[in-house]
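Please open the model in your viewer and keep the selection panel to hand. The stops below can be followed in the order given.

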Amino acid sequence: MPRRSRTSTALGISATAVVALALAAPPALAGPAAAPDPVPSLVAGQDTAAPQLVTGLAEPAVGSPADAARAHLAAHADRYHVDPGELAEVGSESTPDGRRTVRFEQRHDGVPVFGAQYLVHLTGEGAGQRVESVGGKYFTGLTVPTTATVPAAALRDLALGSVQDPKARAAATAEDHGLVVLPDGAGRLAQRFTVHAADPATGGPAAREVFVDATVGVVALAYDTRAPLPSPAPTAGSSAAGLEPATGTAPDARGNSVKVNIARLPDGSYQLTDLTRPAAITTYDAGGRDEMDFGGGIPADLPPAHSPGPDFPASAGTSGATDASVNAGIVYDFYHDRFGRNGLDGKGGAITSVVNVTQDGAPYANAYWDGKKMVYGNPGPSYYPFSAALDIAGHEMTHGVISNTADLVGMGQAGAMNEGLADYFGNAIEVTARGMSMNDPAAALLGESKCRTGTPEACADRRMDDHRTTVNDYLGGTVDNGGQHLNATIFSGALWDIRRTLDPLTADRLVYRALTAYLTPLDDFVAGRNAALAAGRDLGLSHAQLRTVAAAFDAHGIKAGWENRIGMDSRTLARNLSYSMAPPAAGGGHWVAMAPAPDPVKGTGGGNSSSTTALYTGSTTGRGAPVRLSPDDGRYHSWPATDGTTAVWKAIGTTAQNHSRELLAAPLSGAGPVRSLFLADGTEPGSPQVSGGDIAFTVNDFTTHRTSIRLSHDGAPAVELPLADGHHPDDLTLKDGYLAWTESWQDGQQYVTAPTVYSIAAGKVTAQYTAHAAPGAAATSASSARLAGGRLLWLDTPAGATARASVRSGALDGSGVTEVLAADSPNAPTRGGSLTASDQALTYKVESTKPAGGWTNAALPKLWQLPVGGGTPQRLSCDRGGQDQPAADQGTRVVWLDSTPGRTDLVVRDRAAGTC
Ligand SMILES: [Zn+2]
């Protein structure tokens, strides 16, 4: 349920969301009127030779399910391309009708591959045992070495460094889960951490999964979770030893006295533990303690909700404890009676709820599954305790079922399916228990009964009948972990339609089988559709029923290739760059951008390379195929700049033997060697710039902590430019014989920033505009200096809480400043936002704050453009998703990273779109 969530990813959300390509299914063999089989017989994998799904098999398989599965994969290596030696069994499911699913996790040289699971489905007994279908994610292109070269302490520091707030960072802990391989092209070796921090920047207490590249030393992937702390404290009263089953009464949240299953303690008192099922259900009343107190388990001094006699006091009702206990029993019974499942873990493990928590001293209007238990707020006075809403309890407990089965990763489309499945079962449980009709308008509402006042519609968190589709509504961006809640109803809406059009019991069994027997952690919507269809065929659905299932997904735009049907007004130059934080470069009609090696442009992931990232270049008109610019030398190539003729960039060695930082240059035409610009021990070069024969960059000396500027004029060796002691240069910009930067220094109590211009011909600084301030106004800070149109442009951000910056322009000879765009004008740049400019137009980003009703596409970052001399800003593009990292080419043409299709693409427009 939690909606507050943010993600910071270097690797784009979409990097792990692999799009399946559905191949044409063979026609059915029935009469002439037969429609094609809606269940695909073969779905190819993407970025791998292993198929995503193979169905319709009936091949003999001998031995235990795991042995039979391995033997089947080995015997058909030409079909699956799976090495059984790289598989570790992580669980299996069996159904009352004798079907068995063996779930394997992929290991690369013994290291787990993040989210990669391959599943084999068997039926029949003994000599009659058959493999029916096979599928999942197994990445055949992984070649990355599995030895970390960055020291362990540095990896931990980098993980902790992902906490934005300094105070929270100081108190944060990083739980080390060891090495994993991120399945990106040839693979990326990363150390996985769960970082626990009360980070105000991420919206309250939270945990975050952080993957630090173990050979480059950068955060490769991060997303928010609700993981509990490691080594939970002993849970008070969780043992059923010495407890006797009993019955009693307790008030519920609405004041009714209800019969409850409780446990009698040896001293004759009672606690809220229901022992009537194989899984003991225990409920704790936090009594207003902070939810953080429960991060490591139940505090040792807190017993379960307790009563001296079998009739529980009023607090059991007002806290939400009675409802949590009763609703947990209803949810258990639903999963047990409908599917034969024994509890959340399927093994009768204890079911634990904590009610009545607060957050940061305030009432907590939310609920969540933390990986081990349910945690509910009790925000009164306008709400009932959240545990009193059966659909919310069903939703959170279903997260527990999911984490023990498909374990869908909580980001992007996999995260949206995780939330959508929790919504589906939460509501299915409520509708079933309450005897509601599927046609009841409230049936599709989630969380509608938690409010004491107002209509169910106004109270609901989401509704599965909102008719949202991928093509019309998919929220493309990194907020909400890539839309895990915001895109949920696209998927759950299709499932709910199936429940309305098939009978509910069949639909529930189909969705449950898709979840437990087909889905894997990184699956996307299309894989979810195919999982449902395959599950439907296993359950013996007719062709007509399967077509109904397919039609429900069609109606929500969940079919292969949907990303390409989203209307965009930009041209795509390169797909799925993944690295949404790495700015591309543009100039002279060419672009340069970083992407995972070996080749994202073709989307094939050839898998023959061991390098981690590569630079590609192409024409900003989109003509011709992009070509690889950086050498295939196993290094991490990034941070490019270009003037349209030459590219300069940084290469980072990724082995213990070569951990250097080197600046490189190469002609875009490929007609010339890659040459070294700078390489020196104990230094970090950065911010490379190129214009004509001139190249400039910064060098940070690790010993002196000084950053200097180096300039190479007309191919001569780079020389250091003098800079006053204590002065720091940032953000170089180089054009037509001028070099500029933002210089900063401490002046008494004041921190000064000053856009600074250096004339290469004159060999001296010709302009320095110290933080511009109107008379009597507070100082401002400057950033994003750019040379364009014979002027220097920069962003000036007033001190204080303002979110917007002004655009200023200064003459190169220091003769004065003009304001191009005021900070208080409509659609002014966001503070610190990136500015890019050609001689004709300047382009910048506007970020919104989160809207009260949650993120929408309209609120994601958008780019605006205006003439360099000033004018009214216009929307650069009407693409509806996130727009970021603009790089101006010539005239009004700009390239940027666009997340509208649910992945990070490099796109271009020749001129502003105007109004959208
Ligand atoms: Zn949820």
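At what angle do helix α6 and helix α8 pack, and how far apart are their axes? Before answering, bear in mind that this is a predicted model. Select residues 321–339 for α6 and residues 412–434 for α8, and you will find the two helices packed at an angle of about 90°, with their axes 10 Å apart. The two are therefore roughly perpendicular to each other, given that angles from 65 to 115 degrees are counted in that class. To see the contact itself, show the side chains of Ile 330, Val 331, Phe 334, Tyr 335, Arg 338 and Phe 339 in α6, which meet Phe 425, Ala 428, Ile 429, Thr 432 and Ala 433 in α8. Sorted by class, this contact between α6 and α8 comprises nine nonpolar residues, one polar and one charged.

Next, select helix α3, residues 152–160, where the buried residues are Leu 155, Ala 159 and Leu 160. They lie on the same side of α3, because the arc they cover around the axis is only 135°. Turn the helix over, and on the face directed away from the buried side you will come to Ala 153 and Asp 157, which are exposed.

Move on to strand β30, residues 636–642, which is mostly covered, with six of its seven residues buried. Add strand β31, residues 646–652, which runs antiparallel to β30 and is joined to it by five bridges; one place to look is Thr 642, whose bridge partner in β31 is Ala 647. The two strands form a hairpin with three residues between them, and in the turn Gly 644 has a positive phi of about 100°.

The tour continues with two open sheets. For one of them, select β46, β47, β48 and β49, which are arranged in that order with antiparallel pairing. β46 (835–837) and β49 (874–875) are the edge strands, and each has a single partner, so one side of each is left without a neighbour in the sheet. Between β46 and β47 (residues 841–846) there are three bridges, and Ala 837 can be seen opposite Leu 842 in β47.

For the other, select the four strands in the order β25-β52-β51-β50, again an open sheet with antiparallel pairing. Here β25 (571–574) and β50 (883–888) stand at the edges, and the twist from one strand to the next averages 35°. Finish at β50 and β51 (residues 894–898), an antiparallel pair with four bridges, in which Ala 887 has Val 895 of β51 as its bridge partner.

Key. Residues are numbered from 1 along each chain as its sequence is written. This is a predicted model: local features need pLDDT of at least 70, side-chain atom pairs count only at pLDDT 80 or more; totals for chains, interfaces and linings use all residues. Side-chain values use heavy atoms; hydrogens and water are left out. Axes are lines fitted to C-alpha atoms, for helices over the stretch in contact, and angles run from 0 to 180 degrees between N-to-C directions. Angles under 35 degrees count as roughly parallel, over 145 as roughly antiparallel, 65 to 115 as roughly perpendicular and the rest as oblique. Contact means heavy atoms within 4.5 Å. Ala, Val, Leu, Ile, Met, Phe, Trp, Tyr, Cys and Pro count as nonpolar, Asp, Glu, Lys and Arg as charged, and the others, Gly among them, as polar. Buried means under 20% relative accessible area, exposed over 50%, partly exposed in between (1.4 Å probe, protein chains only). The arc is that of the directions from the helix axis to the C-beta atoms. Two strands pair if DSSP finds at least two bridges between them.
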